[in-house]
Amino acid sequence: MLSLSTSGFPPCPRPSKAATNASAPSGDASLCAFRAHHRAGRALHANPALIPALAACAQLPAAVAEAEQIHALLVKSGVPRTVPDVQASTSLVRAYARLGRVYDARKVFDGMPDRTVVTWNVLLDALVRDGDLDAAWEVFMEMPQRNVVSWNTIIAGCARNGWAQEAVDLFVEMTVAYGLAPDEATMVGFVSAVRDIGLLGIGKSAHAYVLRREFSLDGALGVALISMYTRCGSMGAAHSCFLSVTTKNVEHWTSLIAGFAAHGQPEKALRLFVKMRQVGIEPNGVTFVTVLNACSHGGLVSEGFKYFDLMRSMGIRPMIQHYGCLVDLLGRAGFLKEAFNLASNLPEDPGFVIWSSLLAACRSHGNVKIAELTASKLADAKPSHGSSYVLLSNTYARAKQWEDSKRTRRRMEEHGVTKKPGLSWIEVDGSVHSFATADKLHMESEGIYRMLEDLKHNLTSAACEPEPFALSEHL
DNA sequence: CTAGGGTTAG
């Protein structure tokens, strides 16, 4: 039986690095080898484990001290002049960067008398990972040589940091102006940028190119393509792309499940999840976010809690996203009080996304009281954001509290807050047309609305009564 | 083991 108590949840752990410390730096094989050679009196540049040790540091979150020690030895051994010295320093730059010490990475880089394109690429990657796209761009512009890796790093970096259009432009510059052939990694970054802009036609061309080059879809590239198709609303293409992947991993599965969850087919999403486990693929925390989302969209409240328990029984610690999904699940199903209590009692604020989803649920269910409470939480989470005013105002309107509705709108104007209208878009013959609710700006608006009326008429006569309100939201 | 890639809640 479904329990809606919100007090019995386990604490929500903050993202911690503790879990990745399973292998302590002291036990790492490369570091051990390095120390053994060092103790035996071997000179630093003759230590065959020097670069492997630095590479190990780069992926051991607790290895800052080890990296610093090796750094000190490198400094003591004198000005680097040989090729292996440049490689060692480059490895040190990378180690510092991956350990979160971007400043130190840059200092080592600045102190290097000789650098290779790899050194530059390491620095570029460090800045991209740090999310400092401006600095990365500067480095990209001033580096003396660039190779495919340089381009891949900056393209993927733009794509990951919300600069999708820049990523696409860079891809064009790389391939057209510089005549460089993209490789698998290039295509991953490009396809994910294309996905964010929603350019289905370009995405299909990219897929065709991938097939022509016979790139494998087993890794990131397959995942990116499936995700591109789902986000472009092409679930059929996403599914067949998924089927064409020879060795599917958890991310291929998760991407497709997310697509069905988001496109009104929660049962398909859940069936896919069952199938995935049957073929022996272990779901991860991200998979469960998509599964809970499917339950949310399908109104499957008790199933959602069942999957939440399953996740915990599999040893996956629930994160804020999972609790957020539960809040959304409860809210959409009309359990607004329970949803609000759960969201309020988490050790970490669930954030803007969840509070607004709850506010939207309050509007749908016409609950003014919880809407007010939620709107105030939302204002704390993200002050001066237009959508909270609009949602609250609309909640009042639905409850016919016209004065409150107007007052909320007025307050929004007084605070100088605007809400950017939500836009939908459709790609026709390669060009993208975007439009808002009740938009009449398109040149062929009249014809479009006439077509819509015809469709509604046909649906009605086919005994499929369209829901007027829901439909108008999508106009 | 001197460099680059992916999935996720409105």
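This is a short tour of some charged side chains and one histidine, to follow in your viewer.

Keep in mind as you click around that the model is predicted.

**Stop 1: a patch of charge**

Select Asp 130, Asp 132, Asp 134, Glu 138 and Glu 142. You've picked out a patch of negative charge on the surface. Now click on Glu 138 by itself: it sits in helix α7, which covers residues 133-142. Is Glu 138 buried or exposed? Its relative accessibility is 55%, and since exposed means over 50%, Glu 138 counts as exposed.

**Stop 2: salt bridges**

Time to look at opposite charges that pair up. How many salt bridges does a search of the whole structure find? The search turns up eight, and we'll visit some of them.

Start with Arg 195 and Asp 196. Their side chains meet in a salt bridge, with 3.2 Å from N to O. Asp 196 is partly exposed here, at a relative accessible area of 36%.

Next, show helix α18 (residues 320-332) and pick Asp 328 and Arg 332. These two side chains make a salt bridge too, at 3.0 Å from N to O. Why are they separated by about one helical turn? Because they are four residues apart in the helix. Their surroundings are worth a look: Arg 332 is partly exposed at 41% relative accessibility, whereas Asp 328 is buried, with a relative accessible area of 10%.

Now jump to helix α23, residues 402-414, and select Glu 403 and Lys 406. They are three residues apart in that helix, so about one helical turn separates them. The closest N and O atoms of this salt bridge are 3.7 Å apart. Glu 403 counts as exposed, with 53% relative accessibility, while Lys 406 is partly exposed at 47%.

Before moving on, select Glu 68, Arg 101 and Asp 104 together. What links these residues? A network of salt bridges does.

**Stop 3: a histidine inside**

For the last stop, find His 252 in helix α14, which spans residues 250-262. You may want to hide the surface for this one: His 252 is buried, with a relative accessible area of 0%. Zoom in on its side chain and turn on the backbone atoms. Which backbone nitrogen does the side chain of His 252 reach at 2.9 Å? The one belonging to Asn 249. Then add Leu 217 to your selection: its backbone oxygen lies 2.9 Å from a polar atom of the His 252 side chain.

Terms used: Residues are numbered from 1 along each chain as its sequence is written. Chains are lettered from A and ligands numbered from 1 in the order in which they are written. This is a predicted model: local features need pLDDT of at least 70, side-chain atom pairs count only at pLDDT 80 or more; totals for chains, interfaces and linings use all residues. Side-chain values use heavy atoms; hydrogens and water are left out. Patches are made of residues with over 30% relative accessible area and no salt bridge: like charges are joined within 9 Å, nonpolar side chains (Val, Leu, Ile, Met, Phe, Trp, Tyr) within 5 Å. Accessible areas come from the Shrake-Rupley method with a 1.4 Å probe; for residues, only the protein chains shown count as cover. A salt bridge is a side-chain nitrogen of Lys or Arg within 4 Å of a carboxyl oxygen of Asp or Glu. Lys and Arg count as positive and Asp and Glu as negative; His and the chain ends are not counted. The place of a charge is taken as NZ of Lys, CZ of Arg, CG of Asp or CD of Glu. Helices (H or I, at least four residues) and strands (E, at least two) are DSSP runs, numbered from the N terminus. Buried means under 20% relative accessible area, exposed over 50%, partly exposed in between (1.4 Å probe, protein chains only). A polar contact is a pair of N or O atoms within 3.5 Å; within protein, one must be able to donate a hydrogen and the other to accept it, and residues adjacent in sequence count only if both atoms are side-chain atoms.
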